[in-house]
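Colleague: I would like to go through one buried charge and some ring pairs. Can you take my questions in turn?

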Amino acid sequence: MSAILILAAGASARMGQPKQLLRFRGKTLLEHSVSAALAADATHRLAVLGARFEEILPVRQAGLPETAESAIETMVNPDWDEGMASSIRLGLRHLLEKEPELPAVAVMLCDQPFVTPELLNQLLDAQQQTAAPIVASAYGGTLGVPAIFARETFPQLLSLHGDRGAKAIFPNYAGRIASVPFPEGAIDIDTLEDYRRLTFVV
């Protein structure tokens with residue numbers, strides 16, 4: 001079985017407020033991500049917070065049923081301002097401490113509100129069936145996260161630095177990446193204008 005790593009440590013600089021706490025359909029964006037991860041088939045689930053975690057953590061905990069709190073861990077990345085790579089390194093190292101033989105990890109962001117447990121399970125199933133080193137979501141003419149990274153990719157994920165996300169290692173596996181259609185993946189929330197458009201989505 002695989003683990004799920006939710007990256008939610010960014011400062012939302014272009015938004016001007018923590019996008020993790022923006023509400024959509026009755027939940028914060030972070031709660032949408034956590035709910036999807038909790039309902040997917042995984043052995044471990046970890047959310048990495050960073051910037052303004054003092055505001056975000058109480059809201060995240062309040063949004064979970066008591067039975068779910070032990071089913072998803074939360075870490076605070078003290079080096080969040082380095083960029084996304086620091087959260088990937090921190091989260092993956094922690095997951096490997098929990099499960100040293102971890103076969104794969106799903107990496108997802110908290111600003112894609114249409115990620116579902118079904119999508120995560122499709123990605124996980126595709127990785128098991130194809131044994132591809134990466135199974136990515138396909139949207140907007142490209143491949144991206146959520147994506148499943150098999151164990152052979154872990155050294156490269158752990159070597160990332162700066163503001164480089166997991167997608168930075170895709171070119172190293174050209175021709176070996178499987179994909180699952182996720183057209184809604186093109187909708188992510190980086191600016192207030194993105195959020196205004198989202199609120200008109202039924």
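The questions below concern a predicted model.

Colleague: Where does E99 sit in the chain?

Modeller: Helix α4 covers residues 84-98 and strand β6 covers 104-109. E99 falls in the loop between α4 and β6.

Colleague: Which side chain of opposite charge is nearest to E99, and how far away is it?

Modeller: E99 is buried and has no salt bridge. A salt bridge would need a side-chain nitrogen of Lys or Arg within 4 Å of a carboxyl oxygen. The nearest candidate is R151, at 7.7 Å.

Colleague: With which side chain does the side chain of E99 make a polar contact?

Modeller: Leaving out neighbours within four places in sequence, E99 is in contact with M1, T43 and H44. The polar contact of its side chain, at 3.1 Å, is with the side chain of T43.

Colleague: What kind of aromatic pair do F24 and F114 form?

Modeller: The structure holds three aromatic pairs, and F24 with F114 is one of them. Their centres are 5.6 Å apart. The planes meet at 80°, and over 60 degrees counts as edge-to-face.

Colleague: How many residues apart in sequence are the parts that this F24 and F114 pair ties together?

Modeller: F24 lies in strand β2, whereas F114 is in the loop between β6 and α5. Both F24 and F114 are buried. The pair therefore ties together parts that are separated in sequence by 90 residues.

Colleague: How is the pair of F149 and F170 classed?

Modeller: F149 and F170 are both buried. Their ring centres are 6.1 Å apart. The planes are at 40°, so the pair is tilted.

Terms used:
Residues numbered from 1 in each chain as written. Predicted model: local features only at pLDDT ≥ 70, side-chain atom pairs only at ≥ 80, totals over all residues. Heavy atoms only, no water. Helix = DSSP H or I, 4+ residues; strand = E, 2+ residues; numbered from the N terminus. Buried < 20%, exposed > 50% of the residue type's maximum accessible area, 1.4 Å probe, protein only. Lys, Arg positive; Asp, Glu negative; His and termini not counted. Polar contact = N/O pair within 3.5 Å; in protein donor to acceptor, adjacent residues only side chain to side chain. Contact = heavy atoms within 4.5 Å. Phe/Tyr/Trp six-rings, centres within 6.5 Å; stacked < 30°, edge-to-face > 60°.
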